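Visitor: Hey, I've got a structure here and I'm new to this. Could you walk me through it?

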Amino acid sequence: MNARINISFAYPTLLSAPITQTIRKCILATLQAERVRVSCEINVLITDDKGIHAINKVSRNVDRPTDVLSFPMFELTPEKLPKDWSGYVDPGTGLCPLGDMAISLERAKAQAKEYGHSVRREVGYLTIHSMLHLLGYDHLDEGPQKAQMRAHEEAVIAALDLHR
């Protein structure tokens with residue numbers, strides 16, 4: 001990928017380098033799989049259940065923690081991304097601000113234990129899931145939208161060998 005990708009992290013100082021690497025790899029692999037060829041930026045907040053609960057309450061009026069939240073900058077259409085991204089690029093940075101994601105590391109650790117796989121795999125899955133939301137995917141229905149999103153998640157997971 002020739003595009004420049006800027007990934008900004010905000011997280012507790014205890015976040016390990018392998019988890020940071022996993023997030024980066026998952027972001028890059030998702031962009032590659034979805035054929036995003038524009039220089040872009042993504043902001044990643046790593047928090048705990050208390051932090052994501054507060055964000056969930058303020059942003060969605062949902063009074064509970066969750067594992068990941070996604071805040072896309074644009075309303076994109078899955079599998080029909082723009083051919084010309086020039087209208088999406090910030091002239092000050094030369095980057096397309098795709099959006100923000102917040103991941104509860106506390107929830108990711110609990111879910112990894114519950115599902116019987118590694119924290120790396122769980123954080124990777126949550127990152128891929130969030131990236132697809134930033135690119136317009138959703139799973140509001142239990143039918144075609146969810147199946148479409150799951151198929152794309154599984155393709156990136158397979159490419160990165162992040163299976164359970």
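Guide: Sure, we'll chat about one strand and then some helices.

Guide: Heads up, this is a predicted model: local features need pLDDT of at least 70, side-chain atom pairs count only at pLDDT 80 or more, and totals for chains, interfaces and linings use all residues. Residues are numbered from 1 along each chain as its sequence is written, and side-chain values use heavy atoms, with hydrogens and water left out.

Visitor: Cool. Is strand E4 mostly covered or mostly open?

Guide: Mostly covered: E4 (residues 96-104) has eight of its nine residues buried. Buried means under 20% relative accessible area, exposed over 50%, partly exposed in between (1.4 Å probe, protein chains only). Helices (H or I, at least four residues) and strands (E, at least two) are DSSP runs, numbered from the N terminus.

Visitor: Which way does E2 pair with E4?

Guide: Strand E2 (residues 40-47) pairs with E4 in the parallel sense, over eight bridges. Two strands pair if DSSP finds at least two bridges between them. Asn-43 stands opposite Asp-100 in E4.

Visitor: And how many bridges join E3 to E4?

Guide: Five, and strand E3 (residues 68-72) runs antiparallel to E4. Leu-69 has Ala-102 in E4 as its bridge partner.

Visitor: What about Leu-98, buried or exposed?

Guide: Leu-98 sits in strand E4, and its relative accessibility is 0%, so it counts as buried. Leaving aside neighbours within four places in sequence, Leu-98 is in contact (heavy atoms within 4.5 Å) with residues including Leu-31, Phe-71, Trp-85 and Met-131.

Visitor: Switching topic: at what angle do H3 and H4 cross?

Guide: Roughly 120°, with the axes of H3 (residues 105-115) and H4 (residues 119-134) coming within 8 Å. Axes are lines fitted to C-alpha atoms, for helices over the stretch in contact, and angles run from 0 to 180 degrees between N-to-C directions. H3 and H4 are therefore oblique to each other. Angles under 35 degrees count as roughly parallel, over 145 as roughly antiparallel, 65 to 115 as roughly perpendicular and the rest as oblique.

Visitor: Who touches whom there?

Guide: Among the residues that meet are Leu-105 and Tyr-115 in H3, and Val-123 and Leu-126 in H4.

Visitor: How closely do the axes of H1 and H4 approach?

Guide: The axes of H1 (residues 17-33) and H4 come within 9 Å, crossing at roughly 35°. The contact includes Ile-23 and Leu-31 of H1 and Ile-128 and Met-131 of H4.
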